[in-house]
Amino acid sequence: MRPKVMWHLLRRYMASRLRSLRVGGYLFSGSQAPRLSPALMRALGQKCPNLKRLCLHVADLSMVPITSLPCTLRTLELHSCEISMAWLLKEQDPTVLPLLECIVLDRVPAFRDEHLQGLTRFRALRSLVLGGTYRVTETGLDAGLQELGYLQRLEVLGCTLSADSTLLAVSRHLRDVRKIRLTVRGLSAPGLSVLEGMPALESLCLLGPLITPEMPSPAEILSSCLAMPKLRVLELQGLGWEDQEAERILCKGLPHCMVIVRACPKESMDWWM
């Protein structure tokens, strides 16, 4: 959507009833393409005081400071967006987005360890999704989660981090986490076992398609899950175990859980899906 159209909608139609907004930008359309502006973001907050969820796709936010976003947001999603280095640094204003509970960072190439540590300013944050954030290192994830112990949901998908290192950081710092979703790259039976005894974990989702020789067997996954006292949902996606003996083993061994074994859904290339 061109900014001119957005301004028109703000002036004419958007008002206090708007609670969720999804906007696509022109990041891949060249240097002369229109950009979202700080003034437009501030106007959005003023015109739409009940806006709770903002999803931005393929948008160039390098000139849009995070301080210009609507302060009422509870969910912020960035998909294939460009941000500036200063966007989420720890030294920024700690009063920004005081109600933010969920942030999704999907294919945001500039996002790195320093940005992860800067998320500690959002004291209401309970849900964090990292998708394809290849600049985040294992050391950076461990340091960042150390200060985000209040997270209840964590997703680490398609990153360069190994699943073992991710789960180790989770077991050390996120004792109250309720939901975990992660890609199985680098997952081993000892790595999965660090979740045993996690007191609040209710849902665990392991996503393929990459399966390594160290990948836990169905029996090893069952053994670890039985040692998770609150586990109620186990989802295995894209591992090729649909209608196989592995599915029967898990369903039989975890009668108290909803066990979901399915193929990966086809990913849409349309940002509005």
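Colleague: Let's start with one residue: does Ser-80 count as buried or exposed?
Modeller: Keep in mind that this is a predicted model. Ser-80 sits in the loop between strand 3 (75-79) and strand 4 (102-106). Its relative accessibility is 16%. The limit is under 20%, so Ser-80 counts as buried.

Colleague: What is the phi of Ser-80 near?
Modeller: Most residues other than glycine have a negative phi. Ser-80 is not glycine, yet its phi is positive, near 55 degrees.

Colleague: And Asp-243, does that residue count as buried or exposed?
Modeller: Asp-243 is found in the loop between strand 9 (233-237) and helix 8 (245-253), and its phi is also a positive value, near 55 degrees. Its relative accessibility comes to 66%. The cut-off is over 50%, so Asp-243 counts as exposed.

Colleague: Now the whole protein: how many helices and strands make up its secondary structure?
Modeller: The protein has 273 residues, 49% of them buried. Among contacts with a separation of 6 or more, 73% are between residues 24 or more positions apart. The secondary structure comes to eight helices and ten strands.

Colleague: Which strands are the edge strands?
Modeller: Ten strands form an open sheet with parallel pairing, in the order 1-2-3-4-5-6-7-8-9-10. An edge strand pairs on one side only, and that describes strand 1 (20-24) and strand 10 (258-262).

Colleague: By how many degrees are neighbouring strands of this sheet turned against each other on average?
Modeller: The pairing in this open sheet is parallel. With direction ignored, the average turn between neighbouring strands is 5 degrees.

Colleague: Which residue in strand 8 is the bridge partner of Arg-181?
Modeller: Strand 7 (residues 179-183) and strand 8 (residues 203-207) run parallel and are joined by five bridges. For Arg-181, the partner in strand 8 is Cys-205.

Colleague: Is Glu-155 buried or exposed?
Modeller: Glu-155 belongs to strand 6. Beyond four places away in sequence, this residue touches Leu-128, Val-129, Leu-130 and Arg-181. Its relative accessible area is 5%, and the limit is under 20%, so Glu-155 is buried.

Colleague: With which residue does the side chain of Glu-155 make a polar contact?
Modeller: Glu-155 lies in strand 6. At 2.6 Å, its side chain makes a polar contact with the side chain of Arg-153.

Colleague: At about how many degrees does helix 5 run to strand 7?
Modeller: Helix 5 (residues 163-173) lies across two strands, strand 6 (153-157) and strand 7. Taken against strand 7, the angle of helix 5 is about 160 degrees.

Colleague: What covers the buried residues of helix 4?
Modeller: In helix 4 (residues 138-146), the buried residues are Gly-140, Leu-141, Asp-142, Gly-144 and Leu-145. Their cover includes helix 3 (113-118), strand 5 (127-131), strand 6 and helix 5.

Colleague: Are helix 4 and helix 5 roughly parallel or roughly antiparallel to each other?
Modeller: Residues of helix 4, including Leu-141 and Leu-145, meet residues of helix 5, among them Ala-169 and Val-170. The two axes come within 9 Å and cross at roughly 20 degrees, and helix 4 passes helix 5 in a right-handed crossing. Angles under 35 degrees count as roughly parallel. Helix 4 and helix 5 are therefore roughly parallel.

Notes:
Residues numbered from 1 in each chain as written. Predicted model: local features only at pLDDT ≥ 70, side-chain atom pairs only at ≥ 80, totals over all residues. Heavy atoms only, no water. Pairing = 2+ DSSP bridges. Helix = DSSP H or I, 4+ residues; strand = E, 2+ residues; numbered from the N terminus. Axes fitted to C-alpha atoms, helices over the stretch in contact; angles between N-to-C directions. Contact = heavy atoms within 4.5 Å. Buried < 20%, exposed > 50% of the residue type's maximum accessible area, 1.4 Å probe, protein only. Polar contact = N/O pair within 3.5 Å; in protein donor to acceptor, adjacent residues only side chain to side chain. Parallel < 35°, antiparallel > 145°, perpendicular 65-115°, else oblique. Left-handed = near helix turned anticlockwise from the far one by under 90°.
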